[in-house]
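Hi,

Here is the structure I said I would pass on. Have a look, and my notes come after it.

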Amino acid sequence: MLSLIDLLLPSLWDTLYMVFTSLIFTILFGLPLGIVLVVTEKDHILPNPIVYGALSYVINMTRSLPFIILMIFIIPFTRLIAGTTIGTTAAIIPLVIAAIPFFARVVESALKEVDWGVIEASIAMGATPLQIIIHVLIPESMSSLALGVTITLINILGYSAMAGTVGGGGLGDLAVRYGYHRFQTEVMIATVLVLIVLVQIIQLCGNKVAEILNKK
Amino acid sequence: MIQIKQLSKIYSKGKNQVSALEDINLTIEQGTIYGIIGLSGAGKSSLIRCINRIEEPTSGEVWINNVDITHLSPGELRKVRKKIGMIFQNFNLLSSKTVFDNIAFPLRLNKTPENVVKEKVMALLKLVDLTEKAHVYPSQLSGGQKQRVGIARALVSDPDVLLCDEATSALDPKTTKQILSLLKEINQGLGLTIVIITHEMEVIKEVCTDVTILEHGRVVEQGKTIDIFSKPGNEITKHFVDQIQHLPTHLHNGTLLSLSFTQGSAGEPVISKLIKDLQVDVNILAGKIEWIQEKPIGKLTVEVDRNTVPLAQIIDYFEKNHVRVEVFNYA
């Protein structure tokens with residue numbers, strides 16, 4: 001029993017490291033991308049059909065690749081950035097690349113929920129587009145954004161298990177190496193249980209945060 | 001002063017072109033409360049949005065205090081907008097900010113020092129009577145309270161003009177009256193020019209000194225509210241003034257006259273003198289007093305027998321006695 005925990009804990013740590021580091025980079029790149037996507041749309045505050053069209057196209061393209069293919073496809077890029085293609089740090093790169101377009105769409109739909117009347121009122125007050133983004137669009141959609149981050153986090157967790165199968169480390173790696181290759185069913189079950197608990201905790205926290213942020 | 005010159009607005013959707021406003025000319029004097037009334041689709045919402053260029057006019061000019069705002073750069077336009085307050089039918093408050101922060105919002109956009117912000121916001125909270133709600137979120141307020149926050153927010157940057165876009169349409173009649181008297185108080189206290197668009201004649205009657213009636217994107221009537229009320233010259237105006245009073249048709253068979261008595265004529269027994277002088281039968285069908293900003297207008301609907309005396313003579317008699325006459329021919 002002790003050995004099972006000894007196996008699980010480092011893998012859990014690896015997974016959490018991968019997932020949360022990826023989340024930080026995903027928000028860092030995905031949030032601005034989602035914002036640009038919204039404001040450049042027709043009839044919004046900075047309409048620009050070329051920027052909007054190009055971004056939307058690239059996002060759809062990236063999202064249409066299955067994660068496992070994407071991961072292999074960008075190996076040279078991963079090596080360039082991380083210096084290696086094996087291990088948890090290397091896995092972060094494909095995870096971030098896959099999660100950015102997903103999160104950008106999540107941000108897009110959250111920001112689109114902001115009542116146009118409120119934006120119009122800010123324009124009438126003489127607010128600049130940047131002020132509208134920072135002081136209106138983002139604060140007004142904070143609750144939806146928190147839920148969006150939750151969904152994205154769970155998504156990254158799912159991807160990270162896949163990354164494990166190609167030497168990424170973490171719970172997915174553990175399940176494949178012990179549970180699958182060595183026929184240690186109890187390791188497989190334990191991994192699945194840990195993942196279930198993890199997803200539940202993330203969703204619960206996300207809902208709670210969204211509820212606190214919601215002033216409507 | 002606001003001057004609108006030959007303003008037109010055309011919406012294009014694919015091949016379809018819809019003309020929302022056509023050749024609008026308006027002059028709104030400093031310090032007046034100016035009403036623009038029309039049915040939905042008359043173009044009043046587009047018109048008020050062209051005044052601060054939230055909507056771009058297709059052609060024409062909008063002059064505010066001798067600046068043509070239709071030719072300003074985005075940066076200059078933002079500066080002008082800071083001096084034009086606006087309130088909305090749906091209030092458009094930031095749900096993520098407290099009442100205090102909503103009112104402070106325009107000031108903080110201008111990076112006003114916090115001590116000045118606090119002072120100004122507290123003063124406005126007092127004006128709109130919401131001091132104890134300062135740290136509450138808008139979702140916990142009633143419609144009337146939300147609109148008062150909207151008014152405070154619009155006034156916080158000391159505007160020259162306040163635009164009201166159907167500001168009372170989402171409120172019940174009692175709250176509407178409260179908001180209107182607040183607007184009137186602000187108009188008198190701060191000398192602010194207020195432009196109100198509405199579909200409710202009550203709003204115009206209550207506060208507006210001047211009125212423009214819009215129909216299908218065109219101005220159909222323009223003038224002092226009291227004049228428009230005592231003698232509406234146009235079908236759509238009559239619709240708003242509603243002076244036929246929906247008389248049951250079986251009650252009359254002659255010629256109906258609608259009479260408006262303003263201050264000069266109200267003291268004279270005009271009807272009784274008419275009956276004696278012209279020997280004509282008059283049947284009184286309906287009557288009421290309308291109040292246009294504390295000025296009474298007496299409205300009387302009467303039936304006369306045009307066979308005994310020519311109608312023109314009767315009308316002439318009324319006009320001489322300063323009674324405004326309108327003829328409805330039912331028979």
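Below is what turned up on the empty spaces, then a little on chain B.

This is a predicted model, so to speak with its own filters: local features need pLDDT of at least 70, side-chain atom pairs count only at pLDDT 80 or more, and totals for chains, interfaces and linings use all residues. Residues are numbered from 1 along each chain as written, chains are lettered from A in the order written, and side-chain values use heavy atoms, without hydrogens and water.

Pocket first. The largest one (an open set of points on a 1 Å grid over the protein atoms alone, with protein on both sides within 12 Å along at least five of seven lines; lining residues have an atom within 4 Å of a point) has a volume of about 850 Å³, meaning the space filled by probe spheres set on the points. It is lined by 24 residues, with Asp43(A), His44(A), Trp116(A), Ile123(A) and Ile54(B) nearest its centre.

There are also 2 cavities of 30 Å³ or more, a cavity being a set of points where a 1.4 Å probe fits but cannot get out. The largest holds about 120 Å³, and Ala124(A), Met125(A), Ile84(B), Gly85(B) and Met86(B) are the closest to its centre among 14 lining residues. β6(B) gives the most to that lining, with 4 residues; strands here are DSSP runs of E, at least two residues, numbered from the N terminus.

As for chain B, its C-alpha trace spans about 80 × 50 × 35 Å along the principal axes. Of its 331 residues, 52% are buried (under 20% relative accessible area, 1.4 Å probe, protein chains only).

Cheers

Definitions and conventions: Buried means under 20% relative accessible area, exposed over 50%, partly exposed in between (1.4 Å probe, protein chains only).
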